[in-house]
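Visitor: Could you walk me through this one, starting with its charged pairs and then moving to a sheet?

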Amino acid sequence: MTMNWLFSMRLAFVLLLLLSVWFALGVAMSEQDVYRQVLRSLNDLPMSKWIQSLATAPIVASWLAGLFGLMFLLGLNTALCSWRDLLPTWRHKRWRSPRIMMLPIHILTLLVFIFHGVDLVFIHGHDSVVLHQGERFNSGRYQIELVKVDYRNDVSQIIEDEAGFSPAGRITRRSVDVFDPRINNAYFEISNGEQKVSGHAGFLRPFNWGDLYITVTDFRVPYQQEAKGVQVKMLAVHNPLINYFFICYCLLLVSLLLQGLVFWRRSIKKGGRKC
């Protein structure tokens, strides 16, 4: 039985389409409280400790199994296609080929997959915590203290009731009038035992020091804790691969732009010939 279907672009298209649908199902699933709590717990655990959480959530387990299966097939298809169809273009130095940038695009995509897999299985170097001003915690070799919260919108909108809900709602659904991420910041002091630095982070606006990235994921005032002020929920990521992630993503973007330029120039030339 021939295995040519594993090399085909049609398979890649079908897999990308299925992944889009699968991710959409995951987003819809995360809107349900029962599934959202399971997904959050998985996000805070290394992959080796997922089994206990997934044992009580078979639907989430099935969704993840399908996701990993589709990603594996897409990675395999990308590698095989690169080896059979794209590598000869570079080996024979066909620099004018319209597919000249497709091999770097495929290789960089595979590297992104590999880095994510290594991070998921072996590193998982992040901590999600909530802090009030003056509180601190340890994340790997770093000690992180929240020294100041600069919240300039109306604090009354983020005071939670007994059930954990606030008038502003979830941070991803707040309007700019209620919550403007550009003017609200948390200030941190970070030490690794040898050096100490200060900086600030905002909602999805990280502060970076070496392999440490700190980003704020929520501002809130918990129920009956108004006297303590605004509480900050934050994510601290210390991953030695993180800079390689950014390098690969930047190179991938450049490769895509160059490939687009190649196709654009060819379309202009063809158009010129017709005229």
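Guide: Gladly! Please keep in mind that this is a predicted model. Side chains of opposite charge can pair when their charged atoms come close. In this structure, the number of salt bridges is nine.

Visitor: Which residue forms a salt bridge with Arg-173?

Guide: Look for a carboxyl oxygen within 4 Å of a side-chain nitrogen, since that is the cut-off for a salt bridge. For Arg-173, the closest N and O atoms of the pair are 2.3 Å apart. The partner is Glu-31.

Visitor: How many residues apart in sequence are the parts that this pair ties together?

Guide: Find Arg-173 in the loop between β3 (142-150) and β4 (185-191). Glu-31 sits in another loop, between α1 (9-30) and α2 (33-43). The pair therefore ties together parts whose separation in sequence is 142 residues.

Visitor: Is Arg-173 buried or exposed?

Guide: A residue counts as exposed when its relative accessible area is over 50%. Arg-173 has 58%, while its partner Glu-31, at 35%, is partly exposed. So the word for Arg-173 is exposed.

Visitor: Which residues are linked with Glu-31 in a network of salt bridges?

Guide: We have already met one of them, as Arg-173 forms a salt bridge with Glu-31. The network also takes in another arginine. The residues linked with Glu-31 are Arg-173 and Arg-170.

Visitor: Is Glu-145 buried or exposed?

Guide: Glu-145 forms a salt bridge with Arg-136, with 3.0 Å between the closest N and O atoms. Arg-136 is partly exposed at 48% relative accessibility. Glu-145 has 16%, and the limit for the lowest class is under 20%, so Glu-145 counts as buried.

Visitor: What is the relative accessible area of the residue that forms a salt bridge with Asp-150?

Guide: Asp-150 itself is buried, at 14% relative accessibility. Its salt-bridge partner is Arg-152, and their closest N and O atoms are 3.1 Å apart. Arg-152 is exposed, with a relative accessible area of 56%.

Visitor: Now for the sheet: which strands stand at the edges?

Guide: Four strands form an open sheet with antiparallel pairing, in the order β1-β8-β7-β6. An edge strand has a single partner, so one side of it is left without a neighbour in the sheet. The edge strands are β1 (126-131) and β6 (207-209).

Visitor: Which residue in β7 is the bridge partner of Trp-209?

Guide: Strand β7 covers residues 212-220 and runs antiparallel to β6. Three bridges join β6 to β7. In β7, the bridge partner of Trp-209 is Leu-212.

Methods: Residues are numbered from 1 along each chain as its sequence is written. This is a predicted model: local features need pLDDT of at least 70, side-chain atom pairs count only at pLDDT 80 or more; totals for chains, interfaces and linings use all residues. Side-chain values use heavy atoms; hydrogens and water are left out. Two strands pair if DSSP finds at least two bridges between them. Helices (H or I, at least four residues) and strands (E, at least two) are DSSP runs, numbered from the N terminus. Buried means under 20% relative accessible area, exposed over 50%, partly exposed in between (1.4 Å probe, protein chains only).
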